[in-house]
Amino acid sequence: MIAFRLSACVLLSAAVFAANGQSHPSSPDAAHRDLDAIGAPIRPMPPDPAIAHAIAQVSPAQIQHTIATLVSFHNRSTLSSLDKDLPPNTGVLAAADWIESQFKSISAACNGCLEVHRDSFVQPPLTGPSPRVTQPTPLNNIYAILRGSDPAQASRMILVTGHYDSRNSTNEDTHAEAPGANDDASGTAVSLECARVLSKVKLPATLVFVAVAGEEQGLLGSKHLADLAKKEGWQLEAVLNNDIVGGNRTPGDKGQDAHAIRVFSENVPANAPPEEIRRILALGYESDSPSRELSRAIADAARTYTAAPLAARLDPVLEFRRDRFQRGGDHSSFNQDGFAAVRFTEWREDFNHQHQNVRDEDGVQYGDLLKYDDFDYMARVARLNAATMAELASAPPPPVNVAYPPPPRVFTIALNNTEITWEQAPDTPSGTKYEIVWRPTAAPDWSRSLLADKLTSVPEGKFSATDGKYAITIPVSKDNVIFGVRAVDAKGHRSPAVVPWPTAPQRAARPE
Ligand SMILES: [Zn+2]
């Protein structure tokens, strides 16, 4: 899918030449000649044996057990927490108790490595038309924290989440069956499975494994958690939201792709004030939010960990919008609070099996039933989540203050060369290097890279590093490409890329 998008952009470049009446050969190589002269095509990072071993432990049978147990609670509507007449072992509170017990047993198996939290709060009634919470309602977020093994990196956090609440056709119905096997026992199972396999690995930064409630009433649990993270100053570098990742396999559905997962990311950050949005548009950075750089880091992890063998292959399809058309999910709560967050969702959803009363109507089976889940698919999704979390937690922190220094006084000098400066983040491990990545402005993902210190051997290239402050000159024009800078360690772990921003206030564009 990514390859298809790249070829689409190449076609676009050829069309631009044609429109300008220029006599360039139509070969796409000609359009990218200057870009291709420097650096090299991006290669997959080398696999980390510890991470590869951990994700190999992901078990379809374990995921099936998790989902079957969640379905056994009959109806996990968040509103069922107010019910007094539920049979034993049913309802959302029974589900919360069980998830908490699962995190505790995972922790027991790693000598108490997880801090298990149950964040209970009362959701006040919602206002507005058709409010989906009409009386004060208890809500429980369950999460477990695996502290980073490196004290210098442990303040950095990577989070995976799914929502464990479910619903059927009616928001208020807390008694009829609402299995939610896909929406979203599947995401909850991914979160638990990531906790199980990653609890056995030592990773420098901190991981958080989450199951929230209240999603179906308006992202209530995730909003509470995102607000808590913001208030407490959690240094959340990435949020991976898995919602409807069951890989629905309704008999007769020919459109499903069991080796593709959609990854939705916002374009302009949801919390950007108008002046920042204007600046993003002026710079052509509408596809470079931190969430989108995170989606590119996921694609990067996939190329190393889920590309082969063929049976285990999972391709992330980068979807450049906040969520599915006019729909939402828990990652948006984190976006609203300024965190990089993306959503994973199966390739093709079946709406007969979401938010439906379980019933047979004219021979059509409705309901979000266990039998439509694809446990092998969910295992692939869990492996991609776990690999991404482990890679990001192993990589050095991304560079900070990445910038284009003010242009020279004589404006036309050196514009075909690009200068970039940055600083290493506090507590960056020694031995960290930095890699310059770039892509044509019309391309979806980074296409070329060069280690910054290699610029000394490039004609017109420069590299300097003093006290954690870096500066480079690269003979590629920033008119034609988007640049990013990412941190890499000796083993090849890579941080997400950070785009440079001009340090000086924007000049008015000059008609040159
Ligand atoms: Zn959902």
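1. A donor is an N, O or S atom within 2.8 Å of the metal. In this predicted model, the zinc ion is coordinated by H163 through NE2, by D183 through OD, and by D243 through OD, which is listed twice, at 2.0 to 2.5 Å.

2. The angles among the four donor atoms run from 54 to 146°. Four donors count as tetrahedral if all angles lie between 85 and 135 degrees. The site of the zinc ion is irregular.

3. Along the chain, the donors follow the spacing H-x19-D-x59-D. D183 sits in the loop between strand 4 (156-163) and helix 7 (185-198), and D243 in the loop between strand 6 (235-242) and strand 7 (260-264), so the pair ties together parts that are 60 residues apart in sequence.

4. Are D183 and D243 buried or exposed? Buried means under 20% relative accessible area. D183 has 5% relative accessibility and therefore counts as buried. D243, at 1%, counts as buried too.

5. Eight strands form an open sheet with mixed pairing, in the order 2-3-5-4-6-9-7-8. Strand 2 (114-123) and strand 8 (315-319) are the edge strands, as each pairs on one side only. On average, neighbouring strands of this sheet are turned by 25° against each other, direction ignored.

6. Strand 2 pairs with strand 3 (residues 137-146) in the antiparallel sense, over 10 bridges. V122 stands opposite P138, which is in strand 3.

7. Which strands does helix 8 lie across? Helix 8 (residues 220-231) lies across strand 2, strand 3, strand 4, strand 5 (206-212) and strand 6. Helix 8 runs at about 55° to strand 3.

Note on methods:
Residues numbered from 1 in each chain as written. Predicted model: local features only at pLDDT ≥ 70, side-chain atom pairs only at ≥ 80, totals over all residues. Heavy atoms only, no water. Donors = N, O, S within 2.8 Å, 3.2 Å for Na, K, Ca; no water. Tetrahedral: all angles 85-135°; square planar, octahedral: opposite > 155°, others 65-115°. Helix = DSSP H or I, 4+ residues; strand = E, 2+ residues; numbered from the N terminus. Buried < 20%, exposed > 50% of the residue type's maximum accessible area, 1.4 Å probe, protein only. Pairing = 2+ DSSP bridges. Axes fitted to C-alpha atoms, helices over the stretch in contact; angles between N-to-C directions. Contact = heavy atoms within 4.5 Å.
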